[in-house]
Each structure stands twice: as structure tokens, then as C-alpha cells.
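Reader: I'd like to talk through this model with you. Could you put it up so that we can both look at it?

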Amino acid sequence: MPASGKRLYIHEVATRDGFQNETRFIDTDHKVALVNRLSQCGFAKIEVTSFTSPKAIPALRDAEAVMQRIARVPGVVYTVLVPNVRGAERALSCGVDEVNLVMSVSESHNRGNLRMTREQSFTQLRDVVSVVRDTNVAINVSLSTAMGCPMEGDVSIAEVLRWMQRFADLDVHGMTLCDTTGMAYPSQVGNLCRHVVEAFPDLELTLHFHNTRGMGLANTLAAIEAGIDRFDSSLGGLGGCPYAPGATGNVCTEELVHMLELDGYETGVNLAGVIDAAAILPDLVGHAVPSQILKAGRRLDLHPMPATAGDAIPDQDAFAHRGP
Ligand code: COA
Ligand code: ZN
């Protein structure tokens with residue numbers, strides 16, 4: 001059924017979730033140029049970089065330089081990932097619009113990724129909230145492994161709601177549920193999202209899917225059906241957490257926008273501009289990217305009839321007597 005123009009909000013995360021996982025260091029100039037290009041594409045939000053330890057995430061060690069040099073477009077929210085107070089102070093010094101605090105719902109992934117227990121992370125992030133609260137910078141919290149942990153397996157809805165409640169009690173503006181290693185499946189997503197929408201009607205909710213097992217777009221549709229209207233996605237389908245075994249790319253932005261437009265949703269995103277931007281990625285990162293749209297084009301990017309095809313096509317009568 002066509003979605004008759006329902007508005008959805010797309011957050012581009014390639015320069016954070018995408019580049020954090022690349023072995024080749026992307027020059028600061030190239031990062032800035034890509035963010036500037038993405039800023040012209042109509043995204044609601046761009047996750048520019050992360051203020052993490054340069055030892056943990058060397059690919060993003062130029063976070064200050066990138067954040068200071070990008071040309072900001074009014075209406076786009078420029079957000080950055082932050083794991084601790086040190087990261088928040090660095091982010092605030094660059095005048096970000098939002099800090100995106102991160103911890104995992106599962107203990108094992110939190111220890112692997114952030115080298116802290118969940119309780120230690122929560123304490124750090126509560127301190128971050130108290131530092132940021134008096135500024136005009138918005139606070140979003142991303143919960144990793146909210147739909148499955150590669151070390152622990154299933155994550156219960158009750159556990160997700162429990163951590164969300166703790167942050168909701170701190171009055172954060174928004175929360176993102178992350179399927180860090182693509183373990184979610186559509187009926188699970190629908191069920192989780194219905195619970196979350198009902199429990200936290202005042203939070204700005206975002207879903208963050210990885211396409212690790214090919215279910216990213218299906219999961220997106222399940223989340224929309226359950227009332228979610230914000231999604232993270234990554235240009236070219238880059239992405240992945242270096243501290244999550246088996247992690248691969250996010251839902252691909254051009255695949256997501258292409259599908260949502262066909263189904264009648266309003267994303268505000270200029271698909272042609274996004275596809276042009278994605279086309280530079282293989283050269284930039286030094287390898288092919290997962291995007292199917294880059295390979296196949298849009299659904300109605302038609303091809304010329306092959307010159308050799310003419311006489312070889314049988315006329316309709318030749319098929320008339322055949323069954324289906
Ligand atoms: N920015 C810059 N440097 C930081 C930092 C930050 N936000 N937080 C810590 N550091 C530095 C410390 O100053 C210290 O430096 P030194 O060795 O020169 O003294 C070093 O990093 C270690 O600090 P420590 O507090 O012991 O941190 P840690 O080594 O236990 O690492 C994190 C903890 C959270 C900082 C680190 O694991 C991290 O940044 N993880 C991010 C993971 C990530 O982004 N994953 C993908 C996205 S989900
Ligand atoms: Zn991710």
C-alpha cells in the first residue's frame with residue numbers, strides 16, 4: 001500500500017560508522033569534502049565523526065579538524081559519537097549540535113568496545129549528561145547490540161527498556177536502538193519497536209540497522225509499521241564496529257531512500273545526489289562497497305535494447321499455445 005507522503009527522517013552515518021571501520025586512513029580533506037557534499041543532500045542529521053580514543057579508533061583521530069572545517073547547512077543536525085566525558089569535552093569545543101552517547105545493552109560487547117562494564121559506562125554517560133545539559137547541545141543515546149549480541153545472543157526487550165528508562169530519567173532528547181551486527185529480524189523489530197514507542201512517546205526514537213545478514217531493509221519496513229520515523233543509514237553501505245565480531249555495513253543510504261521513495265514516503269533526501277556521492281566511495285576507501293544501487297542503478301534507469309536482439313525475439317503468437 002502506498003505510504004501517501006508520510007515523512008521519514010534519514011541520518012547519514014558513513015563518515016562515522018563507515019570510516020571507523022576502514023583500514024585505509026581517509027584524509028581529513030576528503031572527509032570534509034564528503035560531509036559538505038552530504039550536507040547538500042537533504043539529510044535530517046549527519047553523524048560526522050566520533051570523539052573516541054585515537055588508539056581505539058585511529059581512523060577518526062582527526063575529529064576536531066573535520067568538525068571545525070565542515071560547512072554547516074542550516075536545518076541539518078551535526079552529531080558526533082561520544083563514549084565518555086573526555087569525548088564530550090572535545091565535542092563541545094567544536095560546537096556540535098548534538099552528542100550521541102554510546103553504550104551497549106549487552107555486557108560483553110560493552111566491555112569489548114568501551115573497555116568498561118555497563119555500569120561504568122552509565123556512570124560516565126551520566127556525567128556527560130550533566131556536563132552537556134547546561135549547553136544548547138542536544139543529547140542522544142545510542143544503545144548498541146539492542147537486538148542481539150554477537151557474544152551473548154538474544155537480548156531481551158525488558159533489558160532494552162530498562163536501559164532506556166535509565167537514560168529517559170536523565171531527560172535525554174533522543175535514543176537510538178542499534179542492531180550492531182545485523183542480528184535483528186522483522187517480527188522481532190516490530191515487537192521491540194511497538195514496546196518502545198508505547199513506553200517512550202516523548203523520546204525522539206531512531207533505529208540503526210546493519211545489513212550483515214541481508215535483513216536491513218525488511219527490518220526498516222517493520223520498524224516503520226510499528227511507528228518509527230527516523231533511521232540511520234550509511235552511504236554505499238559502509239560501516240561496522242571494529243570491536244564486534246562479524247560486523248559489516250549499515251543499511252545502505254541509496255538503497256534505503258530508493259525503496260522508501262518507491263513506496264511513497266517523503267524522506268527529504270535527494271536520491272540522485274546521494275548516488276553521485278556514493279560513486280566516489282570505491283576510490284576513496286580503496287575497495288568495492290556493498291551498495292546494490294551503485295551496481296544496478298535505480299529501478300527505472302532503463303537500458304537500451306541490445307542491437308543484436310531484434311530478430312531473435314519471437315512474436316507473441318509463438319507463445320500463445322504455451323502454458324505459464
Ligand atoms: N578522546 C581522546 N582520547 C581519549 C578519550 C577520548 N574520548 N578517552 C580516553 N582517551 C585517551 C586517554 O587520555 C588515554 O590516553 P593515554 O594513553 O595517552 O594516557 C587513553 O585514551 C586511554 O584512556 P582510558 O580512559 O584508559 O580509556 P580506555 O583505553 O579504557 O578506552 C574508551 C576507553 C571508551 C576511550 C575507548 O575504548 C574508546 O574510545 N572506544 C570507542 C569505541 C568505538 O568507537 N567503537 C565503535 C563505535 S560503537
Ligand atoms: Zn553501527
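**Metal site and overall fold**

Author: In this predicted model, Asp17 is buried, and His208 is buried as well.

Reader: Which protein donors does the zinc ion (ligand 2) have?

Author: The zinc ion (ligand 2) is bound by Asp17 through OD and by His208 and His210, each through NE2, with these donors lying 2.0 to 2.2 Å from the ion. Their spacing in sequence reads D-x190-H-x1-H. Asp17 belongs to helix H1 (residues 14-18) and His208 to strand E7 (residues 204-209), so this pair ties together parts that are 191 residues apart in sequence.

Reader: Changing topic, how many helices and strands does the protein have?

Author: The protein has 14 helices and eight strands. Among its contacts between residues at least 6 apart in sequence, 76% join residues at least 24 apart.

Reader: And what about the radius of gyration?

Author: The radius of gyration is 21 Å, which agrees with the value near 20 Å that a compact globule of 324 residues would have. The C-alpha trace spans about 75 × 45 × 35 Å along its principal axes, and 52% of the 324 residues count as buried.

Reader: What does the protein expose, and how much of it do carbon and sulfur atoms supply?

Author: The protein exposes about 14,500 Å², of which carbon and sulfur atoms supply 51%.

Reader: How many positive and negative side chains are there?

Author: There are 27 positive and 38 negative side chains, and the centres of these two sets lie 6 Å apart.

Conventions. Residues numbered from 1 in each chain as written. Chains lettered and ligands numbered in written order. Predicted model: local features only at pLDDT ≥ 70, side-chain atom pairs only at ≥ 80, totals over all residues. Heavy atoms only, no water. Donors = N, O, S within 2.8 Å, 3.2 Å for Na, K, Ca; no water. Helix = DSSP H or I, 4+ residues; strand = E, 2+ residues; numbered from the N terminus. Buried < 20%, exposed > 50% of the residue type's maximum accessible area, 1.4 Å probe, protein only. Rg over C-alpha atoms; globule rule 2.2 N^0.38 Å. Contact = heavy atoms within 4.5 Å. Areas by Shrake-Rupley, 256 points an atom, 1.4 Å probe, with all protein chains shown as cover. Lys, Arg positive; Asp, Glu negative; His and termini not counted. Charge placed at Lys NZ, Arg CZ, Asp CG, Glu CD.
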